[in-house]
Every structure is written in structure tokens, then in C-alpha cells.
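Work through the exercises below with the structure in view. Try each task before reading its solution.

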Amino acid sequence: MSPINITTSAANRAAIAPATAPGSASGATAFKVDSPYVRYTDGAIESDYLYDTTIVSRDIETGQLRAKPTKVHYQFQTKTNVGRVGLMLVGWGGNNGSTVTAAILANKQGISWETRKGTQEPNYFGSVMMASTVKLGVDENLRDVYVPFNEVVPMAHPNDIVIGGWDINSMNIGDAMRRAQVFPVDFQRRVYDELKSLKPLPSVYYPDFIAANQEERADNVLGGTKQEHLEKLRKDIREFKQTNGLDRVIVMWTANTERYADIIAGVNDTADNLLQAIANGHAEVSPSTLFAVASILEGAPFVNGSPQNTLVPGAIELAERERSFVGGDDFKSGQTKIKSVLAEFLVNAGIKPLAITSYNHLGNNDGRNLSAPAQFRSKEISKSSVVDDMVGANNILYKKGEHPDHTIVIKYVPSVGDSKRALDEYVSEIFMGGLNTISLYNTCEDSLLASPLIIDLFMMTELMTRVTYRVKTDADAVEPQWQPFHSVLSILSYMLKAPVVAPNTPVVNALAKQRMAMENIMRAFVGLPPNNEMLLEHKAFH
């Protein structure tokens, strides 16, 4: 076990450094592809990949649909050297930030603790990357072979992350963990001494964007103008990277839900207008948008884990211009994740959801902040859109413009703490006008579901910084240049309630499709065909 390194620079008064030396878990893969279309070099995996899709058109004369299979020749290049990577959390001292920091510390140092049921070992359960598998193929006996999701391509291991960040509250991470009341007391005792030395950097606080009940926490805030705040955040990112010898830094918002920012022509509708609005100190530039802009300008990918509209049009345009990555919105941890599974099942089964009513109450600081109407409205919007694409895909069940009634209620109940209660009712029309009602009751530890999402978002975002592609055609006179993926990382959708996508791109909320997209895109990076469940080897005579 390596010690936790403590730094005291202006960039970050403390940071958890990687526990492992060269030869760490980062970059490990479970297999090597044997194919003439895959090349392994000293620093990269290159693959040739034919992307099969179907172009649909309608015959003008007959009105009949025509489906034309097409192939697009992609080449992918994935750098295999993960390097030294860092994660800066906005809201580091909140429930999610302190929980994920403590959990990574326990995992990297192998810290176990006593519970009523005996000794508990640390793990990464709840992380799709760290605790799930994907089908690689079949063996010579036609039996399925599975590998860890994080070993399809070289990925950063969470034990190797350098963690730091900002918070409007000055409490050290050890005391913040105790305040959150997520972990049992014995666990807290075993990690506290390490965590108490970690202190968040001063953050941006604009009272108009979060609930008034958060003011008492705001004792660690930056003074000055919005332009000065932007420059300070950029400096923090640079110094964190330099001080810790990092190759890349990813910034993630896990702070309070903000109200929605108004989209105003001439203010946040274009990149240049947004930068000028910051220089002018315009009131509709939110703290989260300021962090996004700072990250973009520093070439650090930014992910928004809360429901507000951080990635305004100007921020997305700026990311595209700077060829930097952004992703969002809102960690998809419990109720919405179940909804994206159940609604897809019902609609795909030919059952018509008529009403979805969702109620939940919680007692952590997130619930307290959401008790304010403007902040609740942000959450309501992110939760409401989760069934839209599933409904829109079935014009047999739903006429144009028709949509299920969808009601969302969130209440703050301090006594339940981080143990959120979620109640859902689905009323659906079935055969011959009948009705079917499904009721669910879900109790979950909110931060223990959200923290693995932070890890997954970090791992996928970091991977995409090392991947480039080009499209080959027979008409190429010269070799096309390698280029990064689009700045808006829609590949992160599995972990997010309201996925932000590139302009004119369809939003996919169905959970199975989102996971399948991640899996098959990663397979494409190593030249493997997409997984499907045809199982023709078992259904045909051979």
C-alpha cells in the first residue's frame, strides 16, 4: 500500500494521489484481438471498422418505405498509455464528493471495517465499469466468454486517480464525510485521519442560483468579478495539473442543483457572447457554467452531474471551437434509472403507459436545496424527459403529440438523511381497454448510488481523450487526418438522467440502448463487431 500524498500548493491544499506505481491496474486489458484489421503498436491500438447502418427513404410515387443497408469505413486509434490522471470535483465537500473520495481511499489501501454482519471489504459495486462484465464472444464449445467491462480497452483505474476540488464550504473532507452520515462509524474512524488533511479550494457562490438555505455553508468563496473568478478557476486547474504531475484533468460538477439559467440572445447563445457576458459580469452566467468555461479553456473535460442547464448553447459552441469535451446532465442513480428500464419494457411489450407518478423524499443537503421551488424545477425537468424517446418510437400506441401523464414530487424530510425513499406508480392500458398498475417502493442510500457514477463518468471521459478516428472512402486522394470525437460526449448517457447531445442529435434514454452503445463503441475501438443476441450458432443446424 502506498501512502496518500498530501500537497499544499495554491492549486489544491490537498489531493489524494494514486496508490500504485508504474505497472498499476490502469491500462489493463483482458484479451488481444487476432485480426488483420487490428494493429497493436507501442503506444496505440488501431482498428479498421465497418459501421453497418440502414438508410430509410420513402418512395415518392408509392409512399412505400425503402431500407438500404450501408457501410461506413471508420478507423480508430486508441492510445494505450493512460498516464497520470486527476479528477477535480466541484462540491468536493458534499455528500457525493466526500463519499467517493473516502471509498476510493478505502479501495486503494485495502481498508476493511466492521459492521453488524461482520467484516466488510471495500469494493466498487454499483460501477458499471468496475463491477460488471460484457460478452467477448464464444469459445470452441460455443459457450459465452465474459470479460470485465473496464478491460475491453485500456482504461484508468479509480485507485490511480488523483482527487481534488472546490467547495463553498471550508470543512475538510474528513469532517465532511462525518457530516454526510453515509458510512458506518467504524469505517469513518479508519479513514478519517487521511481525509481530515484534505481541504477544498474556495469556490464560486452566486446566491441567486441555489437555495437560500445554503447561505450558512458558504464560508469558502471567491471574491471579485466573474471574469476574475474565471481566471482563478483556470489557474486552479493548471496548478492542480502541474503540482501533481498529471497528464490530464477532468472536472466534474457534483455540487448543489442550480436554478435554470435563462437563455438570452446576446448573452449565452454563442461562445463569444458567453465570454463577453462573463467579462461584463452578467447575472445569468451561473457558477456551473463558469466552471464549464474554465475547464473548456484549459482543455479539461467537464461533466455536469446536476440537472441545471449548465451547458448553455454558448458553452457547447465554445467546447466545439476549442475541441474540448463536455457531458451532462444529472447523475442517474435510482428512480430514473429504473424508470428508463421499466418504461422501455412496457412500450416494447406493446403496453401503453398512461400515467407515471413519481414521489421521493430524502433528508440530505441535496434534498434541502431541492426544497426551494426554482431548484426543484431543474430536477423536475431532468426527470421528466426520461421516457420521451421510448414514447416517440411507438406510433401504434401513441398518436402524434400524445404523451403519458408524468408527475414528479420531491420532499425534504431531514430525519431520513441520505436514505432516499422513492415511490412510483405506472398505470398502463392493456388488451381491449384493460388497465394494469405497477407500484414500486425503493429505499436507497443516495450517495452510495451516485458515487460509482462519478467513477464511471470519469473513466469513460478519460478514455475518450485518448481516442481519435477518421473516415475512409475510395475517393480519398490523401490520407484523412485523425480527429477526436464530437465535443459533446453522448456516450456518457447511461450515467445521466437528461443526456446532453450534439445539436440535431436524437436523445436516447432507454437504459439498455445506452449500455449497448458504450459496449459496442468500445468493441469498435479494438475492431470487434457489435454484440447482439441473435445466437445463430445455437438456432441453426451446423
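## Exercise 1: the largest pocket

Task: sort the lining of the largest pocket by residue class, then find where the lining comes from.

Solution. Start with the classes. In this predicted model, the lining of the largest pocket holds 22 nonpolar, 7 polar and 2 charged residues. Next, take the space: the largest pocket encloses about 1,200 Å³. Now go to its centre. Of the 31 lining residues, Tyr51, Phe485, Ser490, Ala517 and Ile521 are the closest to that centre. Then turn to the elements. Strand S2 (44-58), strand S3 (65-79) and helix H14 (511-525) each give two or more residues to this lining. H14 supplies the largest share, 8 residues.

## Exercise 2: the second largest pocket

Task: describe the second largest pocket by its space, its lining and its elements.

Solution. First, the space is about 490 Å³. Second, count the lining: 24 residues. Nearest the centre lie Trp113, Asn123, Phe125, Phe183 and Leu448. Third, name the elements that give two or more residues: helix H1 (95-109), strand S5 (113-115) and helix H13 (446-464). Last, split the lining by class: 15 nonpolar, 7 polar and 2 charged.

## Exercise 3: confidence

Task: find the average pLDDT of the protein chain, then locate stretches under 50.

Solution. Begin with the whole chain. Its pLDDT averages 91, and 93% of the residues score at least 70. Now look for low values. Residues 1-12 stay under 50, yet the model gives them 42 contacts beyond four places in sequence. Residues 19-24 are also below 50, with 5 contacts beyond near neighbours in sequence.

Notes
Residues are numbered from 1 along each chain as its sequence is written. This is a predicted model: local features need pLDDT of at least 70, side-chain atom pairs count only at pLDDT 80 or more; totals for chains, interfaces and linings use all residues. Side-chain values use heavy atoms; hydrogens and water are left out. pLDDT is the predictor's confidence in each residue, from 0 to 100. Contact means heavy atoms within 4.5 Å. On a 1 Å grid over the protein atoms alone, a cavity is a set of points where a 1.4 Å probe fits but cannot get out, and a pocket is an open set with protein on both sides within 12 Å along at least five of seven lines; lining residues have an atom within 4 Å of a point. Grid points are joined across faces, edges and corners, and a volume is the space filled by probe spheres set on the points. Helices (H or I, at least four residues) and strands (E, at least two) are DSSP runs, numbered from the N terminus. Ala, Val, Leu, Ile, Met, Phe, Trp, Tyr, Cys and Pro count as nonpolar, Asp, Glu, Lys and Arg as charged, and the others, Gly among them, as polar.
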